[in-house]
Amino acid sequence: PARPGARRVDVLVVGGGFGGMYAVYRFREMGLRLQAFEAGGDVGGVWYWNRYPGARVDLPSIDYSYSFSPEIEQEWTWSEQFAAQPELLRYIDFVAKKLSLRPHFQFNTRVNRAHWDEARSLWVLETDRGETWEAPYCVMATGPLSIPKEPDIPGVQRFKGRLLHAAKWPHEPVSYKGQRVGVIGTGSTGIQIVQEVGPKAGELFVFQRTPSFTMPMRNVDLDAEYMAEVKRNYAGIREAARNSAVGGTRPQSTRAFFSVTRAQRQALLEDAWKQGGLAMLGTFSDLMINEEANEQVAEFVRNRIPEIVKDPVTAEKLKPKGYPIFARRPCLDSSYYETYNLPSVHLVDCLTDPIVEITEKGVRTESGEIELDMLILATGYDGLTGALMAFDVIGRDGRKVNDKWKDGARSYLGLMMEGFPNLFMTTGPNGPAALANIIRISEHDVDWIAGAITHMHRNGLTTIEPTSRAEEDWMGVVRNLAKRSLINKAKTWWVGANVKDKPQGLTLFTGGFHAYRQYSAAAVQDGYASFSFGPPKAQPQG
Ligand code: NA7
């Protein structure tokens, strides 16, 4: 039976990041009534929360932006090749205003429970404001990096100084002047924080467990002439991105590492280092499948560190070892290694001197206590699956996503799950999320979902659900590709290794964005043969 007080729309959207914003726009344009929910106080997702110093996208801004609206492309001008968080938020605000997206959202609202009402073919969402919403379709645009992970270090709450989490950064400015600051974590986030806070803090202690590979970003201001050229060519830029493995314009190579001479290889690597950005990843075609090739590139990057870091002991500790380069998210920096040349910046190697606990005064490692005024946690996320496992998402026969995914994420194309009719995901955990441009994936996914809903409306169908066979076949494709990938050889959020007791393994699609698009298009072109559709709505009698 209908819930008293429940409000009814056509589509419910959870999440107000890039994916949720586009979903709201797209479904509204289809004439659907919709309601969207966002835990943050505004749109922006990751960029709403991550206001930490130095937060910046590490893909070119030109790529890291919407492609669905030529108007937005022409009206918005990026100021830097890699935009900083405030500019990204300005862009997000510009889009939200231009398309009047905010009125569709309830902000500061978390969905506590989502369940499928089989009898009525409706998703029923309960929010932490005590409201209930119902709709035939539900879209989880909950993002791969939305559940920050507290470090499993005893005593975090005991700390009497200021505790800051990168992903829950305060909106007001933070001063580091004269402060003894600690940073735990040296992934993309930690590296951005260290290079920004290092020169400002009284002293900075960086607690590093696994060193990351980081390469020069070589960020530049974009001048008017360059942006004018980009605006003339957006259509071509987007087309190239959609047809690339990474969903971006970064050049890719078809050249295998050992197909050229040692001298040529060296020259190509040196050139990539000078070029900066992710040029290094584009040097050779086989870096993620040929271990020896990978190791030689890793060694090239490692050898750059002592050229910058003056203290040889620190330089050695900063060298990433024991896992392939690019098997962990490659970082881009502007002055990360240089920061360690400041006498006030200290590297604490947690591999040889592990953190024992956090105390009232600071961080205690095996060798002693380091007193701090401020402790910054850059300890990552319960990625990919965290968001949908953080609340009750209940499909047919009371089955929870938590149960379905207890041995690892499973879905068809990262878009839908067997047992969860009419529930869609954007940037889901068995698609190319994390390995390709998230905005290209979000747009693709929303378009695919819009296509499925249109198909159902045209044909008078009430439910759509992938068959278990289709899901199993897809997971087979994912597994077979994963077997070849060196990504398995590093302990990262990509493989679930960063969260205690989480199922381990690479469940992302590693075949590239272009190939992913072909699979998802084929799933439509064969007349949705991989899906079972629910019966048409009963016709009123008489
Ligand atoms: P990451 O890349 O998951 O990095 C988290 C960092 O925090 C990493 O260096 C971890 O070391 C470290 N960490 C976590 N827990 C601890 C404890 N207990 N002790 C010491 N160090 C710890 O998250 P980011 O936010 O930097 O980046 C996420 C994504 O955002 C990135 O991949 C890009 O796509 C953008 P560990 O590696 O576990 O030894």
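Student: In this predicted model, how many bridges join strand 9 to strand 18?

Tutor: Strand 18 covers residues 374-377 and runs parallel to strand 9. Within this pairing, histidine 165 has leucine 377 of strand 18 as its bridge partner. The number of bridges that join strand 9 to strand 18 is four.

Student: In the open sheet of five strands with the order 9-18-10-11-14, which are the edge strands?

Tutor: The five strands of this open sheet pair in the parallel sense, in the order 9-18-10-11-14. An edge strand pairs on one side only, and this applies to residues 162-165 and to residues 345-349. These edge strands are strand 9 and strand 14.

Student: By what angle are neighbouring strands of this sheet turned against each other on average?

Tutor: The sheet in question is the open one with the order 9-18-10-11-14. For its neighbouring strands the direction is ignored, and the average turn of one against the other is 20°.

Student: What angle does the direction of helix 5 make with that of strand 10?

Tutor: Beyond its packing, helix 5 (residues 188-197) also supplies three residues to the shell around the ligand, the largest share. In the sheet with parallel strands 9 and 18, helix 5 touches strand 10 (180-184), strand 11 (203-208) and strand 18. The direction of helix 5 makes an angle with that of strand 10 of about 165°.

Student: Which of the 22 residues around the ligand come nearest?

Tutor: By class, the shell around the ligand consists of nine nonpolar, 10 polar and three charged residues. Of the 22 residues, those that come nearest to the ligand are Gly185, Gly187, Arg209, Arg329 and Gly380.

Student: In the open sheet with the order 4-3-2-8-20, which are the edge strands?

Tutor: Five strands make up this open sheet, and their pairing is parallel. Each edge strand pairs on one side only, and one of them covers residues 105-106. The edge strands are strand 4 and strand 20.

Student: In strand 4, which residue is the bridge partner of phenylalanine 37?

Tutor: Strand 3 covers residues 34-37 and is joined to strand 4 by two bridges in the parallel sense. In strand 4, the bridge partner of phenylalanine 37 is glutamine 106.

Student: Helix 1 packs on the sheet; which strands does it touch?

Tutor: The sheet is the one in which strand 3 and strand 4 pair in the parallel sense. The direction of helix 1 makes about 175° with that of strand 3. Helix 1 touches strand 2 (11-14), strand 3 and strand 8 (137-140).

Student: How far apart are the axes of helix 1 and helix 14?

Tutor: Helix 1 (residues 18-29) and helix 14 (residues 438-458) pack at an angle of about 35°, and their crossing is right-handed. Residues that make the contact include Phe18, Tyr22 and Phe27 of helix 1, together with Ile438, Val446 and Ala450 of helix 14. By class, this contact has eight nonpolar, two polar and three charged residues. The distance between the axes of helix 1 and helix 14 is 9 Å.

Student: Is threonine 454 buried or exposed?

Tutor: Threonine 454 belongs to helix 14. Its C-alpha atom is separated by 8.5 Å from that of methionine 30, although the two residues are 424 residues apart along the chain. Because 11 other C-beta atoms lie within 10 Å of its own, and 12 or fewer is the criterion, threonine 454 counts as exposed.

Student: Why does leucine 413 count as buried?

Tutor: Leucine 413 is placed in the loop between helix 13 (401-404) and strand 20 (423-425), and it has a positive phi near 65° without being a glycine. Asparagine 422 is in the loop between helix 13 and strand 20 as well, and its phi is also positive, at about 60°. The cut-off for a buried residue is 20 or more C-beta neighbours. Leucine 413 counts as buried because the number of its C-beta neighbours inside 10 Å is 23.

Student: Strand 5 and strand 6 form a hairpin; which residue in the turn has a positive phi?

Tutor: Strand 5 (residues 111-117) and strand 6 (residues 122-127) run antiparallel and are joined by six bridges, with alanine 114 opposite leucine 125. Strand 5 also pairs with strand 19 (residues 392-394), in the parallel sense and over three bridges. Four residues lie between strand 5 and strand 6, and the residue in this turn with a positive phi, of about 50°, is serine 121.

How values were computed
Residues are numbered from 1 along each chain as its sequence is written. This is a predicted model: local features need pLDDT of at least 70, side-chain atom pairs count only at pLDDT 80 or more; totals for chains, interfaces and linings use all residues. Two strands pair if DSSP finds at least two bridges between them. A residue is near a molecule or strand if its C-beta atom, placed from the backbone, lies within 6 Å of it. Ala, Val, Leu, Ile, Met, Phe, Trp, Tyr, Cys and Pro count as nonpolar, Asp, Glu, Lys and Arg as charged, and the others, Gly among them, as polar. Axes are lines fitted to C-alpha atoms, for helices over the stretch in contact, and angles run from 0 to 180 degrees between N-to-C directions. A crossing is left-handed if the near helix is turned anticlockwise from the far one by less than a right angle, and right-handed if clockwise. Two residues are in contact if their C-beta atoms, placed from the backbone, lie within 7 Å.
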